[in-house]
Amino acid sequence: MKQYADYLLLLSPNGHIKDVIKEHKLYAANIIGKYESMHSIAHISIKQMPRQKAFMTEPALLAFGKALRTMPPITLTIDGFDYFNHGEDYKTIYAKLRTNHITTLWFKTLKKNLGIKEFMVPHITITRNIPVWAFNQLWPHFKAINWVEQFTVTGLTVLQRETFATFARWESFATLPFEAKHLVEPVTSKREPLKTVNMHNGQLNLF
């Protein structure tokens, strides 16, 4: 039995979205060569948990399932591409997700249920941490793409890999489903009642 493991909490898009992201990654590799993240499967990263004691962490992760079942599935919309700056020398190109009050509230609730305090910009990475010269070759291509497409996420995916094993690969540990019919907005004042977000066809109608 493994003593230490790395864990990755993520939201997984459907197979079609994964295939399209893979095509964009292959295009980038053909232009700039190998880069970090070129083989990673499309996902929205929520939290990385490296070097955890497995016997303590795994029951704690499964315990999150109770709170996550009180959240509804969410339909997100990809709307083109954008990039992050990493200092002056490196950048990351990613598929951008539309945001509004509902998506902000949903991700805020997700973070609260998982005990996450770090700032988060939900996105799907294409090319992670590439040098500026490579970005300058790729960005005109991605900037010109008008890609608008929806996908629905029905659960939180948890991956694991053994920390000290050579060439360890990520494997599925659990999927914690979102099962609620509506999202309850956190109370901002003791005098204010709980508010709910209207649903359409059993899912959040965002766009």
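**Exercise 1. Compare the expected span of helix α3 with the distance between its end C-alpha atoms.**

Solution. Helix α3 covers residues 101-114, a run of 14 residues, where helices (H or I, at least four residues) and strands (E, at least two) are DSSP runs numbered from the N terminus. The expected span of a helix is 1.5 Å times one less than its number of residues, so α3 should span 20 Å, and its end C-alpha atoms are indeed 20 Å apart, which agrees. This is a predicted model, in which local features need pLDDT of at least 70 and side-chain atom pairs count only at pLDDT 80 or more, while totals for chains, interfaces and linings use all residues. Residues are numbered from 1 along each chain as its sequence is written, and side-chain values use heavy atoms, with hydrogens and water left out.

**Exercise 2. Describe what is found at the two ends of α3 and around T109.**

Solution. Begin at the N-terminal end, which N100 caps: a side-chain oxygen lies 2.9 Å from the backbone nitrogen of I102, a polar contact being a pair of N or O atoms within 3.5 Å; within protein, one must be able to donate a hydrogen and the other to accept it, and residues adjacent in sequence count only if both atoms are side-chain atoms. After α3 comes G115, whose phi is positive, near 70°. Within α3 sits T109, and a polar atom of the T109 side chain lies 2.8 Å from the backbone oxygen of L105. T109 has a relative accessible area of 11% and is therefore buried, since buried means under 20% relative accessible area, exposed over 50% and partly exposed in between (1.4 Å probe, protein chains only). Other buried residues of α3 include W106, F107 and L110.

**Exercise 3. Work out the strand order of the open sheet and place α2 against it.**

Solution. The order of the four strands is β2-β1-β7-β8, with antiparallel pairing; two strands pair if DSSP finds at least two bridges between them. The edge strands β2 (44-53) and β8 (171-177) each pair on one side only. Six bridges join β1 (residues 4-11) to β7 (residues 155-162); among the facing residues, L9 stands opposite V158, and A5 has E162 as its bridge partner. Six bridges also join β7 to β8, where T157 is partnered by T175. Six of the eight residues of β7 are buried. Finally, helix α2 (residues 54-68) packs on the sheet and touches β1, β2, β7 and β8, contact meaning heavy atoms within 4.5 Å. The direction of α2 makes about 30° with that of β8, where axes are lines fitted to C-alpha atoms, for helices over the stretch in contact, and angles run from 0 to 180 degrees between N-to-C directions.
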